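Hi,

Here is the structure I promised to pass on. Have a look at it first, and then read on for what turned up.

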Amino acid sequence: MFLSSRRRAALILPCCLLLVPTASPQQSAQPPPGIRVSVDRVNVGVVVTDSRGQFIGGLHRESFQLFDNGVERPVTDFLSVDEPAQVLLLIEAGPAVYLLEGGHLQAVHTLLDGLSPNDRIAVARYNEALEPILDFTPDKLASAGALNQLRFNLGFGELNLASSLATSLDWLAHVPGKKSLVLLSTGFDTSPSAAAQNLLVRLKSSDVRVLAISLGGELRDATPPEKKHFKKEQPTPEKAQVAAEGFAQADQELKAIAEANGGRVYFPRTTKDFAEVFREIAQLVRHEYNLGFIPPVHDGKLHSIDVRLSISPATNAPSIASGQSIAASYRVDHRQAYVAPLPEQE
C-alpha cells in the first residue's frame with residue numbers, strides 16, 4: 001500500500017520536532033480499559049454557510065430537520081453557536097515539522113485570538129504515540145505558553161498519525177459539548193494500514209470535527225527561506241520522485257481524514273496563508289451548532305445521518321417541501337453517520 005512510499009519519503013526529510021513541556025499535563029481524559037460507553041444520545045455538529053462561504057448564525061432548533069437512515073427524528077438537544085467550543089490542537093512531532101519554528105507556529109496564535117473567551121483549547125503532540133501537553137482550558141495565555149514550549153532538534157522518528165488520531169478520539173469521547181480537532185500534520189503515516197482504514201470508518205461516526213492543516217507545503221521547495229543556514233544536499237532524481245509520491249499520498253490521507261466526518265482540509269504554503277487558515281478555523285468552530293437526538297433502535301449498526309434546513313436563514317420562512325431552494329443557497333456540513341448502541345443484554 002502507500003505506506004511504504006511515505007515511509008521512504010519521510011526518511012529523506014531533514015529534521016524533526018521535539019516538544020519539551022515545562023509543566024506536566026493535567027489528568028488524562030483517557031478512559032479506563034474495559035469500559036464500554038453506551039450511546040444514549042447522538043450529537044451532530046452542524047456548520048451552515050451561504051453561497052459566499054459566510055457562516056450563518058441566529059438559527060434555532062426549529063431551523064433544522066434531522067434524519068436517521070432517511071427517517072426524520074426529533075431534535076431533543078440543541079446548542080447554539082454561542083455555546084463554548086472544545087478545540088484539541090494536535091501537532092505532528094516528526095520529520096520536517098521544524099518549519100513550525102518560523103512564522104507558521106506564530107500563526108497558530110491567530111486561532112487563539114479568534115476564539116471566544118469561553119472556548120476551551122487543549123494541546124497535544126504525536127510521533128510514535130500521542131502525548132498530551134495541556135488539558136482543556138479557556139486560558140488562552142496558558143495555551144500560548146504550551147505552544148511556546150516547542151523545541152526543535154535534528155533526527156528521525158515514527159509518525160503514527162492514524163493511531164494517534166484514534167487515541168485522540170478516545171480522549172474526546174468523554175468531553176461534552178461541541179468538539180473540534182485541529183490537526184497540524186504533513187500527512188505522512190507509519191501506522192499499520194489496518195489502523196488507517198479503521199480510523200476512516202470510525203471518523204464517519206465520530207462527533208469530533210477534524211480540521212486538517214498540511215505542513216508539507218514549503219517542504220516541496222528546494223530550500224525553505226528561514227532555514228537557508230542549514231546545508232542541504234540536492235536530492236537525487238530517485239529520491240525526488242519518492243518524495244513527490246509520498247507527498248501526494250500524504251495529501252490524499254489528510255483529505256480522506258477530513259472528508260470522513262464533514263471536516264475540512266487546508267494546504268497553506270506561506271506564513272500569510274497559515275494565518276488566513278487559522279482565522280477561518282476560529283470562525284468555523286465558533287459557528288458550529290450542535291444537535292442531539294435519541295437513537296431509535298439499539299442494533300449496533302451504522303446509521304446514516306442527514307441534516308437539512310427547515311427554514312431559510314435569510315427570510316426565516318418555512319422551506320418548500322423539497323427543500324431544493326434552500327439546499328442550493330446554503331451549505332450544511334455535518335458528520336455522516338453514527339453507530340447505534342448494541343442491544344441490551346438480558
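One bit of vocabulary before anything else: helices and strands here are DSSP runs, at least four residues for a helix and at least two for a strand, counted off from the N terminus. With that in hand, Val 297 can be placed in the loop between strand 13 (288–293) and strand 14 (302–309). Please keep in mind throughout that this is a predicted model.

Since we are already at Val 297, let me finish with that residue. Its relative accessible area is 38%, so Val 297 falls in the partly exposed class, which runs from 20% to 50%. Along the chain, Val 297 and Pro 341 are 44 residues apart, yet 7.8 Å separates their C-alpha atoms.

Now the interior. The largest nonpolar core is made of 32 residues, and Val 182, Leu 184, Ile 213, Phe 278 and Ile 281 have the most contacts inside it. Several elements each supply at least two residues of this core, among them strand 6 (85–92), helix 2 (103–114), strand 7 (120–126) and helix 3 (140–147). Strand 8 (130–137), strand 10 (178–185), strand 11 (208–214) and helix 7 (271–286) do so as well. Which helix gives the most to this core? That is helix 7, with eight residues. There is also a second, separate core of 26 residues, and Leu 169, Leu 183, Ala 196 and Val 208 are included in it.

A few residues in those elements are worth a click.

Tyr 126 sits in strand 7. Is Tyr 126 buried or exposed? Its relative accessibility is 0%, so Tyr 126 counts as buried, the cut-off being under 20%. The side chain of Tyr 126 has two polar partners to look at: the side chain of Glu 92, at 3.2 Å, and the side chain of Ser 185, at 2.8 Å. Ile 91 is 35 residues away from Tyr 126 along the chain, with 6.4 Å between the two C-alpha atoms.

On helix 2 you will find His 109. At 17% relative accessibility, His 109 also comes in under the 20% limit and therefore counts as buried. From His 109 to Leu 147 there are 38 residues in sequence, and 8.9 Å in space between the C-alpha atoms.

Leu 147 brings us to helix 3, where the buried residues are Lys 140, Ser 143, Ala 144, Ala 146 and Leu 147. Why do they end up on the same side of helix 3? Because the arc they cover around the axis is only 155°. Look at the start of helix 3 too: there, a side-chain oxygen of Asp 139 comes to within 3.0 Å of the backbone nitrogen of Leu 141.

Over on helix 7, have a look at Arg 279. With a relative accessibility of 40%, Arg 279 counts as partly exposed. Its side chain and that of Glu 276 are joined by a polar contact of 2.8 Å. Arg 279 and Leu 115 are 164 residues apart in sequence, with their C-alpha atoms 9.1 Å apart in space.

Then there is a backbone oddity. Most residues other than glycine have a negative phi. Asn 69 is not a glycine, but it has a positive phi of about 50°. Where is Asn 69? Look in the loop between strand 3 (64–68) and strand 4 (71–73). Asn 69 counts as partly exposed, at 42% relative accessibility.

Last, the empty space. Searching the whole structure gives four cavities of 30 Å³ or more. The second largest cavity has a volume of about 50 Å³. Its lining consists of Gly 45, Ser 206, Asp 207, Val 208, Arg 209, Asn 261, Glu 288, His 334 and Arg 335. What classes of residue make up the lining of the second largest cavity? There is one nonpolar residue, along with four polar and four charged ones. Val 208 turns up in this lining as well as in the second core.

Shout if anything is unclear.

Cheers

Technical notes. Residues are numbered from 1 along each chain as its sequence is written. This is a predicted model: local features need pLDDT of at least 70, side-chain atom pairs count only at pLDDT 80 or more; totals for chains, interfaces and linings use all residues. Side-chain values use heavy atoms; hydrogens and water are left out. On a 1 Å grid over the protein atoms alone, a cavity is a set of points where a 1.4 Å probe fits but cannot get out, and a pocket is an open set with protein on both sides within 12 Å along at least five of seven lines; lining residues have an atom within 4 Å of a point. Grid points are joined across faces, edges and corners, and a volume is the space filled by probe spheres set on the points. Ala, Val, Leu, Ile, Met, Phe, Trp, Tyr, Cys and Pro count as nonpolar, Asp, Glu, Lys and Arg as charged, and the others, Gly among them, as polar. A nonpolar core is a set of buried Ala, Val, Leu, Ile, Met, Phe, Trp, Tyr and Cys residues joined through side-chain atoms within 4.5 Å. Buried means under 20% relative accessible area, exposed over 50%, partly exposed in between (1.4 Å probe, protein chains only). A polar contact is a pair of N or O atoms within 3.5 Å; within protein, one must be able to donate a hydrogen and the other to accept it, and residues adjacent in sequence count only if both atoms are side-chain atoms. The arc is that of the directions from the helix axis to the C-beta atoms.
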